Amino acid sequence: MKNIPFLSLKDVTALHGAEINEAVSRVVNGGWYLQGKENEQFEKHYSEFIGTKHTIGCANGLDALIWIFRAYIEMGVMSPGDEVIVPANTYIATILAITENGLIPVLIEPKPNTLEIDDELIEDRITSKTKAIAIVHLYGRIAYTDKIGELCKKYNLKLIEDCAQSHGCKHYDGRITGSIGDAAGHSFYPGKNLGALGDGGAVTTNDEELAAAVRALANYGSQKKYVFKYAGRNSRLDEIQAAVLDVKLKYLTEDNAHRKMVANYYYEHINNPLISLPDLLPDEQNVYHLFPIIVKGKEYRDRLHDYLADNGVGTVCHYPIAPHKQECYAKELWNTPQLSLPITERLADEELSLPIGPSITIEEVKEVVKLINDFK
């Protein structure tokens, strides 16, 4: 039986292994391990890639989002108790960043055919306390719509992007995610399209004041050595991760192209009445961080997961418990009584992500499709 992992990080790293090893050795032998030339170079190159004036490296993607909201609070743009509109169908980190800052998440259902936030539901939820819309380019799919941009202008709202899964994804006008909103948080967790060899994250923005505040907050609150404007935290991207990311950034477009080839094969050949796929987007609008399928009912989803595992294929359910159903939010006022979000809850029961990545072969993809089409 062939083993087809959901994602082999070892194989992904091996694609550019020689350059990664050279980069790591350069840092190790250089003797400078934090806030040095590797960070400067990666931040410069990432800003050029995204199309923003500023990139600020930090410890991880959750911190990147936390620092954006915290910076807006320090700048007087937001205050604890203000509301942030956010998709209900997301990884919990997006919502954690809001609640960490004493802000109130207002959860909006996704469109079943796109799996992204339903822009038709947003305006009715905007109040005098709403200060921002946080969008999540989930699964690598573009979440931004012109209507969302219009609502931000109409109500003077900040637009914050969660780009944890969308490195290199573009809007139809050519803007890359991370440059569309007022600020964006990025994750470089190893399994991402642009992944480090450990945790890492970044904030991108064109806002000079926000960039300075984020950089200080992530460095104990200090803008000058031993001088602390804010009560910050230690949340820095280390030199080894920055060096590795700078190597992998050169190949991101190429690696994303491989993901798109795999995804197109799935779209063209998966044929099972128990399975549906989200709408096919133009290639530039999806970098296929994940390839989600929707299985007809939780029982069939769980059976398909087990059936594929028994045949050597790794899959993952994203995300089997919706954020508003998590114990950590059970007693929050905004979730009392517990929210009823049927589309989000159905996706939690029926979503299954198939193997996809820069190292999977087309032969392996064909085997996955054959197994899926044979499933009953």
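Is Asp-374 buried, partly exposed or exposed? At 42% relative accessibility, Asp-374 counts as partly exposed, because this value falls between the limits for buried and exposed residues, under 20% and over 50%. Keep that reasoning in mind as you explore, and remember that the structure above is a predicted model.

Let's stay with Asp-374 for a moment and look at its partner. Lys-370 forms a salt bridge with Asp-374, and the closest N and O atoms are 3.2 Å apart. Both residues belong to helix 12, which covers residues 362-374. They are separated by about one helical turn because they stand four residues apart in that helix. Elsewhere, Glu-22, Arg-26 and Glu-38 are joined into one network by salt bridges that share partners. Side chains of opposite charge can pair when their charged atoms come close. In total, the structure holds 16 salt bridges.

Helix 11, residues 342-350, offers another pair to find. Here Arg-346 forms a salt bridge with Glu-350, with 3.0 Å between the closest N and O atoms. Again the spacing is four residues, so about one helical turn separates Arg-346 from Glu-350. How exposed are these two residues? Arg-346 counts as partly exposed at 33% relative accessibility, whereas Glu-350 is buried, with a relative accessible area of 13%.

Now try a pair whose members come from distant parts of the chain. The side chains of Asp-63 and Arg-233 meet in a salt bridge, at 3.4 Å from N to O. Asp-63 sits in helix 4, while Arg-233 is in the loop between strand 9 and helix 8 (239-249), and their positions lie 170 residues apart in the sequence. Asp-63 counts as buried because its relative accessible area is 8%, and buried means under 20%. Arg-233, with 37%, is partly exposed. For a contrast, pick Leu-281: Asp-63 and Leu-281 are 218 residues apart in sequence, and their C-alpha atoms are 30 Å apart in space.

Next, look for open space in the model. The largest pocket has a volume of about 640 Å³. Its lining is made up of 32 residues, and the closest to the pocket centre are Tyr-91, Gln-165, Ser-187, Tyr-189 and Lys-192. Helix 4 (61-74), helix 5 (93-100) and strand 6 (183-187) are the elements that each give two or more residues to this lining. Sorted by class, the pocket lining has 16 nonpolar, twelve polar and four charged residues.

There is enclosed space to find as well. The count comes to four cavities of 30 Å³ or more, and the largest cavity holds about 80 Å³ of space. Among the residues that line this cavity are Leu-7, Val-12, Leu-15 and His-16, along with Pro-190, Gly-191, Lys-192 and Asn-193. Others in the lining include Lys-248, Asp-255, Arg-259 and Pro-358. By class, five of the lining residues are nonpolar, three are polar and four are charged.

Let's turn to the surface. Tyr-220, Tyr-226 and Phe-228 form a nonpolar patch there, and together they have about 410 Å² of accessible area. Phe-228 lies in strand 9, residues 227-228, and Tyr-226 is in the loop between strand 8 (222-224) and strand 9. Tyr-226 counts as exposed because its relative accessibility is 67%, and exposed means over 50%.

Tyr-226 also brings us to the backbone. Its phi angle is near 65 degrees, a positive value in a residue other than glycine. Gln-35 is another residue to check: its phi is near 50 degrees, also positive in a residue that is not glycine. You can find Gln-35 in the loop between helix 2 (17-30) and helix 3 (37-50), where it is partly exposed, with a relative accessible area of 44%.

Finish the tour at two cis peptide bonds. One runs from His-318 to Tyr-319, with omega near 0 degrees, and Tyr-319 lies in the loop between helix 10 (298-310) and helix 11. Another joins Thr-336 and Pro-337, with omega at about -10 degrees. Pro-337, too, has its place in the loop between helix 10 and helix 11.

Definitions and conventions. Residues are numbered from 1 along each chain as its sequence is written. This is a predicted model: local features need pLDDT of at least 70, side-chain atom pairs count only at pLDDT 80 or more; totals for chains, interfaces and linings use all residues. Side-chain values use heavy atoms; hydrogens and water are left out. On a 1 Å grid over the protein atoms alone, a cavity is a set of points where a 1.4 Å probe fits but cannot get out, and a pocket is an open set with protein on both sides within 12 Å along at least five of seven lines; lining residues have an atom within 4 Å of a point. Grid points are joined across faces, edges and corners, and a volume is the space filled by probe spheres set on the points. Ala, Val, Leu, Ile, Met, Phe, Trp, Tyr, Cys and Pro count as nonpolar, Asp, Glu, Lys and Arg as charged, and the others, Gly among them, as polar. Patches are made of residues with over 30% relative accessible area and no salt bridge: like charges are joined within 9 Å, nonpolar side chains (Val, Leu, Ile, Met, Phe, Trp, Tyr) within 5 Å. Accessible areas come from the Shrake-Rupley method with a 1.4 Å probe; for residues, only the protein chains shown count as cover. A salt bridge is a side-chain nitrogen of Lys or Arg within 4 Å of a carboxyl oxygen of Asp or Glu. Buried means under 20% relative accessible area, exposed over 50%, partly exposed in between (1.4 Å probe, protein chains only).
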